[in-house]
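Good morning. Please have a look at the sequence and the structure on the screen, and then I will go through a few parts of it.

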Amino acid sequence: TNFGPAVMSNVGTLRNQGVEFTIDATAIQTKDWTWEIGYNVTYNQNEITKLSNGVSDDYYVEAGYASAGTGSPIKIHKVGYPAGSFYVYKQVYDNEGKPIQNCFVDLNGDGQITSADKYVFENPAADVTMGLTSKLMWKNWDFSFSLRAALGNYVYNNNDACNSNLDVYSTLGFFSNRPLSALDTQFFGTDDSYASDYYVQNASFLRCDNITLGYSFQGKVISGRVYATVQNPFVITGYNGIDPEVNGGIDNNVYPRPLVSLIGVTLDF
């Protein structure tokens, strides 16, 4: 009856709570100058309060998988935690701060590293999201831009996890096309290294969606506006992957979001 490894169903109860603030204002209004500005900020937290089939405190529902390794879950739903939280091992580092392959903290203290030592670590949902729009007009000229920011969102860097094995960096004497950030681990083999919290990275960002400069003109026969727009001109983030804005929190992206430039004219007769 089902042609996939999972069945979509309602499995529990989720509570969302937060606060949002929005303001739109005309900051300047004179004969030649007009400045319109808008700002919004949202704080939100979600928590799973019940799972329908939960029989113990350790019960969870698998919610997302990494491409590397043996397909163990990287994201889970668990009571008391945000939906889709990451489920990983706690990485051990050497004296130089580099991760040691397959060396994890024995969280349950039983003297061995098993799946029972995994823990819930962060989640893909941002704690705070913000937006800022601005439009400045001077006589016939107008200049506008829009910014978005997300704070506290985390991403599992699946690209680095899949490409962390140094054995695949050279093929027939040629250097393979692998992310440079994956070289930081310098691992040989995979084992459970892909399930390390090392690959769960802070993906907070500030992105500029667009910048537009335009000039409007009015004639006896024809009027219109000439404009130039740049979409996605920059993003500021500490995330190592291609793009910090990842739907679902597992980064399998292999192609960057493009920068698009537009030049246009609108005419009225």
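I start with a group of rings: Tyr 93, Tyr 156, Tyr 198 and Tyr 199 form one aromatic cluster. Rings of Phe, Tyr and Trp, the last with its six-membered ring, pair here if their centres lie within 6.5 Å; planes under 30 degrees apart count as stacked, over 60 as edge-to-face, and the rest as tilted.

Before going on, two notes on the source. This is a predicted model, in which local features need pLDDT of at least 70 and side-chain atom pairs count only at pLDDT 80 or more, while totals for chains, interfaces and linings use all residues. Residues are numbered from 1 along each chain as its sequence is written, and side-chain values use heavy atoms, with hydrogens and water left out.

Back to the rings. How many aromatic pairs does a search of the whole structure find? The search gives ten. One of the ten is Trp 33 with Trp 138, a tilted pair at 6.0 Å centre to centre and 40° between the planes. Trp 33 lies in strand β2 and Trp 138 in strand β9, so this pair ties together parts that are 105 residues apart in sequence. When I say strand, I mean a DSSP run of E with at least two residues, numbered from the N terminus.

Are these two side chains covered? I use three words here: buried is under 20% relative accessible area, exposed is over 50%, and partly exposed is in between, with a 1.4 Å probe and protein chains only. Trp 33 is partly exposed at 39%, and Trp 138 is partly exposed at 35%.

Within the tyrosine cluster, Tyr 93 and Tyr 198 form a tilted pair, with 6.5 Å centre to centre and 55° between the planes. Tyr 93 is in strand β6, residues 91-93, and Tyr 198 is in the loop between β13 and β14, so the pair ties together parts 105 residues apart in sequence. Tyr 93 has 37% relative accessibility and counts as partly exposed.

That loop between β13 (174-175) and β14 (200-202) also holds Asp 191. At 52% relative accessibility, Asp 191 counts as exposed. Contact means heavy atoms within 4.5 Å; leaving aside neighbours within four places in sequence, Asp 191 is in contact with Gln 101 and Asn 102. The C-alpha atoms of Asp 191 and Asn 102 are 7.1 Å apart, with their positions 89 residues apart along the chain.

Now the strands. Strands of a sheet pair through backbone hydrogen bonds, either parallel or antiparallel. Two strands count as paired here if DSSP finds at least two bridges between them. What is the order of the strands in the open sheet of seven? The order is β1-β2-β9-β10-β15-β16-β17, with antiparallel pairing. β1 (12-29) and β17 (260-268) are at the edges with a single partner strand each, so one side of each has no neighbour in the sheet.

Inside that sheet, β2 (residues 33-51) and β9 (residues 128-138) pair in the antiparallel sense over eleven bridges. Tyr 39 has Leu 132 in β9 as its bridge partner.

Next, β4, residues 73-77: four of its five residues are buried. β4 runs antiparallel to β3 (residues 61-65), joined by four bridges, and Val 61 stands opposite His 77. Two bridges join β4 to β5 (residues 85-88), again antiparallel, with Lys 75 opposite Phe 86.

Last, the charges. A salt bridge is a side-chain nitrogen of Lys or Arg within 4 Å of a carboxyl oxygen of Asp or Glu. The whole structure has eight of them. In one, Asp 142 meets Arg 225 at 2.8 Å, N to O. This pair links strand β10 (residues 141-151) with strand β16 (residues 223-237), 83 residues apart. Asp 142 is buried at 7%, whereas Arg 225 is partly exposed at 24%.

Which residues does Asp 243 meet in salt bridges? Arg 207 meets Asp 243 at 2.6 Å, and Arg 257 meets Asp 243 at 3.1 Å. Salt bridges that share partners join Arg 148, Arg 207, Asp 209, Asp 243, Glu 245 and Arg 257 into one network. Arg 207 is buried at 2%, and Asp 243 is buried at 7%.

That is the end of my part.
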